Amino acid sequence: MTENGEITTNINDNIGTIEFYHPKGNSLPGKMLRELAETITEMGSKPYVNVIVLKSRGNGAFCAGASFDELIAIDNYEEGKHFFMGFALVLNAMRTCPKLTIVRVQGKAVGGGVGIASAGDYTIAHKSAAIKLSELALGIGPFVVGPAVKRKVGSSAFSTLSIDAASWNQAEWAEQKGLYSKICDTHDELDKTVTDLAKQLADYSPDAMKELKKVFWEGTENWDKLLEKRAEISGRLVLSDFTKNFIEEFKSS
């Protein structure tokens, strides 16, 4: 049911498209995160898919990050770790997928959404696609998405995003730091740019692209354990009174 969010897929001309949707700003509840990770892995295993396009529905927010409804309902450490492991599973699925992944970012990205954009092998964004790592303001911190973001933008820019958790950084800034590969002025231009690149890659050698992706992700072989440790930190911090009070105040404002 669309009120609970959904993930749809399409395969055409060796291009596999994965689209996620949630009525609350394309936020990602835990169940959707696991389904998204499984979908990426499954799409990557298909021999007739040469390239993957990952996108969210609509022209509004790309991804509002974690579901506040689920965050505030967490009442023990195991539930907390389980929830944040959802983001870890998505990032690791993108990392280990043998197909190059294009991420289409049509609007603002927050928290986990920034992580997904960072994990793309080539990320194309609309000029309105500002980014924000708001986790520290919530009393948590961008622990799970941190390795993906830091890998793309570097330590200094990651520190800037993490510490100034209340501020938006514009798409141009994200492009300058390397998170976005390209930005577009209109959504029509965005769609055309994504489609053209996907068609181009679909005709390239799958074996060559698979080996190239391995090169891109060298040095991340420890992420299975690293992101689990990060999920443990977030799972502990989300139980704090600070986080609970912040989310309650945010929802009531």
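This is a short walk through a few helices and two single residues in the structure above. One thing up front: the model is predicted.

Okay, let's start with helix α3, residues 77-96. It has 20 residues, and from its first C-alpha to its last it reaches 28 Å, close to the 28 Å expected at 1.5 Å a residue. Have a look at where α3 begins: a side-chain oxygen of N76 comes to within 3.1 Å of the backbone nitrogen of E78. And is α3 mostly covered or not? Mostly covered. Of its 20 residues, 14 are buried.

Now, what runs alongside it? One partner is helix α10, residues 223-237. The two axes come within 8 Å and cross at roughly 150°, and the crossing is right-handed. If you want to click through the contact, on the α3 side pick Y77, G80, K81, F84, M85, A88, L91, N92 and R95. On the α10 side, the residues are W223, D224, L227, E228, A231, E232, S234, G235 and R236. You may spot a rhythm in those numbers. An α-helix has 3.6 residues a turn, so residues three or four places apart point the same way. As for chemistry, the residues of this α3 and α10 contact divide into 8 nonpolar, 4 polar and 6 charged.

Next up, α5, residues 146-153. Why do we call α5 largely enclosed by the rest of the structure? Because 6 of its 8 residues are buried. Those are G146, P147, A148, V149, K152 and V153, so yes, there's a lysine on that buried list, counting as buried because its relative accessible area is under 20%. The buried residues of α5 pack against α3 and α10, our pair from a minute ago, and also against α4, β6 and α6. Just after α5, G154 takes a positive phi of about 90°.

Staying around α5, let's bring in K177. You'll find K177 in the loop between α7 and β8. Not counting residues up to four places away in sequence, K177 touches K152, V153 and A157. K177 counts as partly exposed, at 36% relative accessibility. K213 is 36 residues away along the chain, and the C-alpha atoms of K177 and K213 are separated by 20 Å.

Last stop is T39, over in helix α1, residues 30-44. Is T39 buried or exposed? Buried, because its relative accessible area is 12%, and the cut-off for buried is under 20%. Leaving aside neighbours within four places in sequence, T39 is in contact with I7, T9 and I18.

That's the tour, thanks.

Key. Residues numbered from 1 in each chain as written. Predicted model: local features only at pLDDT ≥ 70, side-chain atom pairs only at ≥ 80, totals over all residues. Heavy atoms only, no water. Axes fitted to C-alpha atoms, helices over the stretch in contact; angles between N-to-C directions. Helix = DSSP H or I, 4+ residues; strand = E, 2+ residues; numbered from the N terminus. Left-handed = near helix turned anticlockwise from the far one by under 90°. Contact = heavy atoms within 4.5 Å. Nonpolar A, V, L, I, M, F, W, Y, C, P; charged D, E, K, R; others polar. Expected span 1.5 Å × (residues − 1). Buried < 20%, exposed > 50% of the residue type's maximum accessible area, 1.4 Å probe, protein only. Polar contact = N/O pair within 3.5 Å; in protein donor to acceptor, adjacent residues only side chain to side chain.
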